[in-house]
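Colleague: I'd like to learn how to read a model like this one, feature by feature. Could you walk me through it?

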Amino acid sequence: MRWENLGEQAAALFGTEVVSRTVDTPEFRGITFHEVHARSIINQVPGASRMPFERTVNPYRGCSHACVYCFARKTHGYLDLDTGLGFDSQIVVKVNAPGLLRRELAAPRWRGEHIAMGTNVDCYQRAEGRYQLMPGIIAALRDRANPFSLLTKGTLILRDLDLLRQAAAVTDVGVSVSVGFVDRELWRTVEPGTPAPERRLDVVRTLARHGIPAGVLMAPVIPFLGDSPAQLRATVRAVAAAGATSVTPLVLHLRPGAREWFMAWLAQRHPHLVRRYERMYADGAYAPKWYQRRITRQVHELATAYGIGPSRPGESRRVSAPAPAPDPGPTQLALL
């Protein structure tokens, strides 16, 4: 495998020492962890990116959430790893991420830019329960009062509530939870390794109760499977009931790597939709502008009706530090 070729930057990010472990326990059965030592951990987002941030930290590659639409699948190909089932079961773990981040944050050239996490694969996927990299990462950011944001589908973020509150007391912390739909049948087929949508919304409630406001990234809205008016209404209603600060819709996009895997899944599960998808995505990775605008308008109207209103671009990743709230007591964590 070409470890030296993986990374968002031109320079190689990994050293040559790689330890691969296949774990045969009920929680991780069939999953292989490739433990690597990264050479750098703060990544520069390409200038052409649509993202509202410029720096990221990604302690993992590959994701056991196994979302059939995940745009990050292509990155596994850089290692000669399979972008389908391999992406779901061959997890690259940057075991030195916390210490390396602390060193890079202390470097004279670092200017305290906002750092986004969960932008490639989920930092709180099941592997985090084994490797526990995020507490050290959040502590490093807290100690430097460096602003950051997190996007996750994982309930394991609740383990780090105290650290998040400590960080929010000294810098801007943004938290978003990804919930594209509340349709359980759709969830089981397209996001088989994730916590159920209602469990993710429980995360939003718990974070808010502990003084960490959270927005919801309503992503992806899946054409012809999760975009009916009734489905959109049910999702926005549930998001509002959970106490989310905002809801931001994002229509499914199919980049190379993800596109092939998703279309193969579609042909197997919903063959009658294949031609419709080929027409909708004929011009590239993104749905037509008219469709994206229609979904955005519908979601914003529903959000306003349910009292949460639309969010501004990037708002959920730049949340002002909330005042610390009294701790209501030990939290019963629903771990992955």
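Modeller: Let's go from the overall fold to the core, then helix packing, then the backbone oddities. Keep in mind that this is a predicted model.

Colleague: Okay, what is in the chain, and how much of it is buried?

Modeller: The chain has twelve helices and eleven strands. Of its 336 residues, 55% are buried. For a feel of how the chain folds back on itself, look at contacts between residues at least 6 apart in sequence: 77% of them join residues at least 24 apart.

Colleague: Which residues have the most contacts inside the largest nonpolar core?

Modeller: That core has 92 residues, and the ones with the most contacts inside it are Leu 101, Ile 115, Met 117, Phe 148, Phe 262 and Tyr 277. Helix 5, residues 134-143, gives the core its largest share, six residues. Take Phe 262 as a sample: leaving out residues up to four places away in sequence, it touches Val 68, Tyr 69, Ile 222, Leu 252, Leu 254 and Tyr 277.

Colleague: Let's stay with helix 5. Which of its residues are buried, and what do they pack against?

Modeller: A general idea to start with: an α-helix has 3.6 residues a turn, so residues three or four places apart point the same way. In helix 5 the buried residues are Met 134, Ile 137, Ile 138, Ala 139, Ala 140 and Leu 141. They pack against both helices and strands: helix 3 (97-105), helix 4 (127-131) and helix 6 (161-168), plus strand 4 (55-57), strand 7 (115-117) and strand 8 (148-152).

Colleague: How do helix 3 and helix 5 lie relative to each other, parallel or antiparallel?

Modeller: You read that from the angle between the axes, and under 35 degrees counts as roughly parallel. Here the axes come within 8 Å and cross at roughly 15 degrees, so helix 3 and helix 5 are roughly parallel. The crossing is right-handed. On the helix 3 side you'll find Ala 97, Pro 98, Leu 101, Arg 102 and Leu 105, which meet Gly 136, Ile 137, Ala 139, Ala 140, Leu 141 and Asp 143 of helix 5. Sorted by class, that contact has eight nonpolar, one polar and two charged residues.

Colleague: And what about helix 9 and helix 12? At what angle do their axes cross?

Modeller: The axes of helix 9 (residues 229-241) and helix 12 (residues 289-305) come within 10 Å and cross at roughly 45 degrees. These two helices are therefore oblique to each other. This crossing is right-handed too. Helix 9 contributes Pro 229, Leu 232, Arg 233 and Val 236, while helix 12 brings Ile 295, Gln 298, Val 299, Leu 302 and Ala 303. By class, that contact has seven nonpolar, one polar and one charged residues.

Colleague: How many residues of helix 6 are buried, and what covers them?

Modeller: Six of its eight residues are buried, so helix 6 is mostly covered. The buried ones are Leu 161, Leu 163, Leu 164, Arg 165, Ala 167 and Ala 168. The cover includes helix 5, strand 8, strand 9 (173-178) and helix 8.

Colleague: Could we zoom in on a residue in helix 8?

Modeller: Try Val 203, which lies in helix 8 (residues 197-209). It is buried, with a relative accessible area of 2%. Apart from neighbours within four places in sequence, Val 203 is in contact with Thr 155, Ile 157, Leu 158 and Val 177. The C-alpha atoms of Val 203 and Leu 158 are separated by 7.0 Å, although the two residues are 45 residues apart along the chain.

Colleague: Now the backbone. What should I look for?

Modeller: Most residues other than glycine have a negative phi, and most peptide bonds are trans. Check the exceptions in this model. Ala 219 and Pro 220 are joined by a cis peptide bond, with omega about -5 degrees, and Pro 220 is found in strand 10 (residues 214-221).

Colleague: Where are the positive phi values?

Modeller: One is at Ala 145, which follows helix 5 and has a phi near 50 degrees. Another is Ala 66, with phi near 60 degrees, in the loop between strand 5 (60-61) and helix 1 (74-77). Phe 224 has a positive phi of about 70 degrees and sits in the loop between strand 10 and helix 9.

Colleague: Are Ala 66 and Phe 224 buried or partly exposed?

Modeller: Under 20% relative accessible area counts as buried. Ala 66, at 13%, is therefore buried, whereas Phe 224, at 27%, is partly exposed.

Definitions and conventions: Residues numbered from 1 in each chain as written. Predicted model: local features only at pLDDT ≥ 70, side-chain atom pairs only at ≥ 80, totals over all residues. Heavy atoms only, no water. Core = buried A, V, L, I, M, F, W, Y, C linked by side-chain atoms within 4.5 Å. Buried < 20%, exposed > 50% of the residue type's maximum accessible area, 1.4 Å probe, protein only. Helix = DSSP H or I, 4+ residues; strand = E, 2+ residues; numbered from the N terminus. Contact = heavy atoms within 4.5 Å. Axes fitted to C-alpha atoms, helices over the stretch in contact; angles between N-to-C directions. Parallel < 35°, antiparallel > 145°, perpendicular 65-115°, else oblique. Left-handed = near helix turned anticlockwise from the far one by under 90°. Nonpolar A, V, L, I, M, F, W, Y, C, P; charged D, E, K, R; others polar.
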